[in-house]
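Student: Please give me a close look at one part of this model, the nonpolar packing. I'd like it set in the context of the whole chain.

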Amino acid sequence: MNSGTLKTAALLTAISFATTGCENLTPGGNAAVFGGGAGILAGSLARHAGMSTGEAIATGAAVGAVVAITTYIIAKHQADARQRQVAAQRGRIASQRIARRNPSSSRKTKPRYIAVDTVKNEKTSPKAKKAVMIYDTQSGQVVGNNVYDVQSPPAVGQTAKFDTYSAEYVGSGG
């Protein structure tokens with residue numbers, strides 16, 4: 001076996017041990033572990049790709065922050081009809097407000113996805129402060145049928161990662 005294969009196997013083994021050991025962490029603990037790890041990895045990759053040390057640190061910090069925000073989602077479940085209806089209504093209102101805020105700007109300045117609060121239901125985690133769904137501002141519809149239970153929501157206007165979507169958090173859209 002060559003050294004590259006051995007290093008890759010060792011890295012994958014270490015990662016699997018690290019992630020299975022984190023299953024009992026709080027959302028804040030997960031944010032620290034995974035956000036910090038992702039930031040270090042991104043910064044290292046950026047430095048090896050030729051960025052200056054300062055640029056690599058900035059890149060790592062930004063990536064770490066996005067990953068940390070992502071880990072505050074404590075549960076995900078399927079929406080009921082009422083949750084979809086509320087999220088769609090709030091998404092439309094927020095999308096219209098964003099468009100009015102920047103009437104002469106191009107479509108590219110309007111976020112494609114926004115995260116809107118919806119109502120909680122019996123499936124919502126008791127630890128959740130907010131139940132959030134993703135709204136597509138281009139199609140004018142709620143994306144998918146997932147509700148994300150969030151223990152610590154991002155600030156309004158901040159972009160956060162929800163599964164594969166990077167969405168600007170707008171709260172209840174009002």
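**A close look at the core**

Tutor: Happy to! Of the contacts (heavy atoms within 4.5 Å) in the chain with a separation of 6 or more, 58% join residues 24 or more positions apart. This is a predicted model, in which local features need pLDDT of at least 70 and side-chain atom pairs count only at pLDDT 80 or more, while totals for chains, interfaces and linings use all residues. Residues are numbered from 1 along each chain as its sequence is written, and side-chain values use heavy atoms, leaving out hydrogens and water.

As a frame for the packing, the chain has 4 helices and 7 strands (DSSP runs numbered from the N terminus: H or I of at least four residues, E of at least two). Along the sequence they follow the pattern α-α-α-β-α-β-β-β-β-β-β. Of the 174 residues, 34% are buried (under 20% relative accessible area; exposed is over 50%, partly exposed in between, with a 1.4 Å probe and protein chains only).

Now to the part you asked for. The largest nonpolar core (buried Ala, Val, Leu, Ile, Met, Phe, Trp, Tyr and Cys joined through side-chain atoms within 4.5 Å) has 13 residues, and A87, I114, V116, M133, V142, V147 and V170 have the most contacts inside it. At least two residues of this core come from each of α4 (81-101), β2 (113-118) and β3 (130-136). Helix α4 gives the largest share, 4 residues. M133 is a good place to zoom in: leaving aside residues up to four places away in sequence, its partners include A87, I114, V116, V142 and V147, as well as Q83, R84, N145 and N146. A second, separate core has 11 residues, among them A115, V143, V150 and A160.

Aromatic rings are worth a look too. There are 2 aromatic pairs (Phe, Tyr or Trp rings, the six-membered one for Trp, with centres within 6.5 Å; planes under 30 degrees apart are stacked, over 60 edge-to-face and the rest tilted). The ring centres of Y113 and Y165 lie 4.8 Å apart with planes at 65 degrees, so this pair is edge-to-face. Because Y113 sits in strand β2 and Y165 in strand β7 (residues 165-171), the pair ties together parts 52 residues apart in sequence. Y165 itself counts as partly exposed, at 24% relative accessibility.

A last word on confidence: the mean pLDDT (the predictor's confidence in each residue, from 0 to 100) is 76, and 59% of residues reach 70 or more. Residues 20-30 fall below 50, and this stretch has 12 contacts in the model beyond near neighbours in sequence.
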